[in-house]
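Subject: Structure for your review

Dear colleague,

Please find below the structure that I am handing over to you, together with its sequence. I would be grateful if you could read the notes that come after it with the coordinates open beside them.

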Amino acid sequence: MDSKLRFDGKVAIVTGAGGGLGKAYALLFGSRGAKVVVNDLGGSKKGEGSSSKLADQVVEEIRSAGGTAVANYDSVEDGDKIVKTALDNFGRVDIVVNNAGILRDRSFARISDTDWDLIQRVHLRGSFMVTRAAFPIMKEQKFGRIIMTASTSGIYGNFGQANYGAAKLGLLGLSNTVAIEGRKYNIHCNTIAPVGGTRLTEGILPPDLFDQLKPEYVAPLVAWLCHEDCEDTGGLFEAAGGWYGKYRWERTQGHFCRKYIEEEVTPEAVRDSWEKITDFTDAYHPASNHEDTGILAAGLQDLKPWKEIQAKPASATGAVTSGPISAVGVKVGPSSFTYEPKDVILYALGVGASVQDEDGLKFLYENDEDFTPLPTFSIVPSQAVMFGGNLWSNIPGWSVDLTKLLHGEMYIECVKPLASGATLNTSLEVVDVLDKKSGAVMIIDTLTTDESGETVAKAQWSTFHVGDGNFGGPRTSNRLVPLCDPPSRKPDATEEFKTDVDQAALYRLSGDRNPMHIDPSFAAMGGFQQPILHGLCSYGITCRIILKHFCGNDVSKFKAIKCRFAKPVLPGQTLVVNMWKEGARVFFTCSVKETGKDCLTGGYVDIVESGASAESASAPSKPELASAAVFHEMSQRLAGDPDMAKKVKAVFLWNINLDKKPVGQWTVDLKNAPGSIYEGAPRNGLKPDVTLTLEDADLVAMVTGKLNAQKAFMSGKLKVSGKVMLTQKLQGLLKPQAKM
Ligand SMILES: CCCCCCC[C@@H](O)CC(=O)SCCNC(=O)CCNC(=O)[C@H](O)C(C)(C)COP(=O)(O)OP(=O)(O)OC[C@H]1O[C@@H](n2cnc3c(N)ncnc32)[C@H](O)[C@@H]1OP(=O)(O)O
């Protein structure tokens, strides 16, 4: 860190450099290798007259010390001429220090038009004119350092300096935006509020203090801010006598003077809340407009329509009636969504489809004879209602923090093949909310139909709301589509896919515009060091890979997909998809190659085996529906109940029969893998301790909601011992639903 900061090869323009602070900057830059344009009109401190003497003297001083400098005598209002001097003599401009300034102090009531206009022209307009002329050159060369000169007279106000103070703080506003617009071209713009003993302050500052405030004490800050190693931009700094400090904004938490959307705000409400409005406890320090409005937007989300505040929120259990649980029962839609081939192609590109893939054109070229959406495309209309349907603001009693919302799990069932363009309607319902302690999980079912009213796709979204747990809700739900662990053998297939650093920037164009995936400051609010990839992007990529390996890219063979988002993925990382095929199910996991961590877990895709008709893929049969429902029930009962897991260390085999024919088997292994449930008989030579057979009657009852398997177990109606036939007990219940 002791290496000297040099400016060799750099060209610096310093305005008003004939004396005082500007001269100190110019001399310092000249002594550190920069080629300097010493600008000074040579006028008086009130801006009267002009002479080349001052600038020439400074140029001479730089040259005699071995440096390189030229003089310029133009007014800063002729900024392009000053920049031209730099270009004509040195061919580039790297640094602009807007320093030139004059004073026309008057008490406010006595300021004339001239006093006002002259000050604005020299300080504000002059800095603008020089900076505007230099900016395109800096942009082209992808380097630039700009300094604006403000003043504590602007920051705090100062008697007799209304005109000067206004111009000085105007420069801060100018600098803030130049910093934002210049950032991506490596153009930094900072503002300084120097206190220096110069001709402008002579006679204003007491003599002792004046001597302590030599301009040479300000110059090192300017030099550092203009150096290529300095990363600060958009800052406001104060400098005086060798002391330097930085400013930032501070804002109170503030207070909403209305509680519901329709409520009017009165001056009295503002008066009565004044203490809260002005209380700096836990104040914010917003660093950008975006951060500031983000905080405000989160507050606006809390405002609900009056009727919802009045209404008693629905509750899943009846026990808890506020907080996340009050989302249960909220419905949105149906909302319509029209898409065309362009949307289909954009989505396919977003999940990594390429013209170089086998069958790539099928998903990317509308004139390909087999052109079709990928099976997971149905999330696009579904998410349009998720994002556009005001779901969050429709939840009474729970303010959802969008920066803490992660996609938790996702299930899609493809019921009818998707057309390459259509208008679809989607409705959603929050079917349950779980208390996972570290967060709340909202389970949202969606149903998408086409214009004829036929179901095209069903989906279940689980959103994980970090930090919103501990509200006293249930931990498990029989509404959740279960996950399945993969077999413990080696995968049947593995494929890698390296995501692009711009993967999220592309994927978001398919509808999920959550800023968490592109905006670093929003991602930071969610606790991420950089924007993360959409869960559904990794999901879509995985689906595409499985479709290729196990369905020959035939979308009609793809029935359903489910998995959990276990860890975030960063754009640019490589996904490793492991796949195991067992019967009509492909189990999968997906990990991030660079970290070795699983990002998608418990995943499976249900496919139509070769030979089965495509129709059966689009319309699940009764046994499928029934077995899925039972499977949910059993999962929740056995894997989701910690007490049960403690008490019973056994391997259960569930046989599911419909119309007396077996339709499926599931194993719950509490001994070796509590929490894991998989399709099929026990593996690895295990023998089931308990076998339970369910007949169609029970299945129908479960599907239609007439029988809650969990309650039935608890009440002893279903006994877990040996082989149990349960139908007789429930015959009465079943008849009305037998034809469903
Ligand atoms: C309206 C529009 C809706 C669309 C929403 C989507 C919008 C998108 O823009 C958002 C995104 O795409 S975000 C990107 C994709 N998602 C992610 O990256 C999340 C990755 N997962 C995590 O970080 C952790 O699992 C995490 C943080 C989720 C949980 O980690 P922990 O807090 O450490 O939890 P842990 O101790 O492991 O487990 C506690 C209990 O929670 C359950 N659980 C864990 N991960 C879950 C998940 N992903 N989903 C659901 N439940 C989950 C655990 O099972 C455990 O519960 P139990 O003990 O009862 O089993």
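The notes below set out what was found, beginning with the charged side chains. Please bear in mind throughout that this is a predicted model.

**Salt bridges**

The count of salt bridges comes to 23. Several of them are described here.

Lys-562 and Glu-409 are joined by a salt bridge, at 2.7 Å from N to O. This pair links distant parts of the chain, since Lys-562 belongs to strand β15 (residues 558–565) and Glu-409 to strand β10 (residues 405–414), 153 residues apart. Both Lys-562 and Glu-409 are buried.

A salt bridge is also found between Arg-544 and Asp-357, with an N to O distance of 3.6 Å. Here too distant parts of the chain are linked: Arg-544 sits in helix α18 (residues 535–551), Asp-357 in the loop between α13 (341–350) and α14, and the two positions lie 187 residues apart in numbering. Arg-544 has a relative accessible area of 10% and is therefore buried, whereas Asp-357, at 28%, counts as partly exposed.

In the salt bridge between Asp-78 and Lys-81, the closest N and O atoms are 3.9 Å apart. Asp-78 is partly exposed, with a relative accessible area of 30%, and Lys-81 is likewise partly exposed, at 44%. Beside these pairs there is a network of salt bridges that links Glu-77, Arg-121 and Arg-125.

**Helix α18**

The helix that carries Arg-544 deserves a note of its own. Of the 17 residues of α18, 15 are buried, so that the helix is mostly covered; the cut-off for a buried residue is under 20% relative accessible area. What span should α18 have, and how far apart are its end C-alpha atoms? At 1.5 Å a residue, its 17 residues should span 24 Å, and the end C-alpha atoms are 23 Å apart, which agrees. Just after α18 comes Gly-552, with a positive phi of about 55°.

**Surface patches around α14**

Two surface patches involve residues in or beside α14.

The first to mention is negative, and is formed by Glu-358, Asp-359, Glu-369 and Asp-370. Among these residues, Glu-369 lies in the loop between α14 (360–364) and α15 (379–388). With a relative accessible area of 76%, Glu-369 is exposed. Asp-359 is found in the loop between α13 and α14, and is partly exposed at 35% relative accessible area.

The other patch is nonpolar: Val-355, Leu-361 and Tyr-365 form it on the surface, and together they have about 270 Å² of accessible area. Leu-361 is placed in helix α14 and counts as partly exposed, at 37% relative accessibility.

**Backbone geometry**

Most residues other than glycine have a negative phi, and most peptide bonds are trans. The following positions may be inspected with that in mind.

Asp-359, already named in the negative patch, has a positive phi near 65°. Lys-142, which is found in the loop between α4 and β5 (144–149), also takes a positive phi, near 55°. As for the peptide bonds, the one from Gly-333 to Pro-334 is cis, with omega near 5°. Pro-334 lies in strand β9 (residues 331–339).

**Contacts between separate parts of the chain**

Two C-alpha distances complete these notes.

Leu-391 is located in the loop between α15 and β10. Is Leu-391 buried or exposed? Its relative accessibility is 0%, and Leu-391 therefore counts as buried. The C-alpha atoms of Leu-391 and Val-330 are separated by 7.8 Å, with these positions 61 residues apart along the chain.

Phe-135 belongs to helix α4 (residues 113–141) and is buried, with a relative accessible area of 18%. From C-alpha to C-alpha, Phe-135 and Gly-182 are 8.3 Å apart in space, while in sequence they are 47 residues apart.

With kind regards

Definitions and conventions
Residues are numbered from 1 along each chain as its sequence is written. This is a predicted model: local features need pLDDT of at least 70, side-chain atom pairs count only at pLDDT 80 or more; totals for chains, interfaces and linings use all residues. Side-chain values use heavy atoms; hydrogens and water are left out. Patches are made of residues with over 30% relative accessible area and no salt bridge: like charges are joined within 9 Å, nonpolar side chains (Val, Leu, Ile, Met, Phe, Trp, Tyr) within 5 Å. Accessible areas come from the Shrake-Rupley method with a 1.4 Å probe; for residues, only the protein chains shown count as cover. A salt bridge is a side-chain nitrogen of Lys or Arg within 4 Å of a carboxyl oxygen of Asp or Glu. Lys and Arg count as positive and Asp and Glu as negative; His and the chain ends are not counted. The place of a charge is taken as NZ of Lys, CZ of Arg, CG of Asp or CD of Glu. Helices (H or I, at least four residues) and strands (E, at least two) are DSSP runs, numbered from the N terminus. Buried means under 20% relative accessible area, exposed over 50%, partly exposed in between (1.4 Å probe, protein chains only). The expected span of a helix is 1.5 Å times one less than its number of residues.
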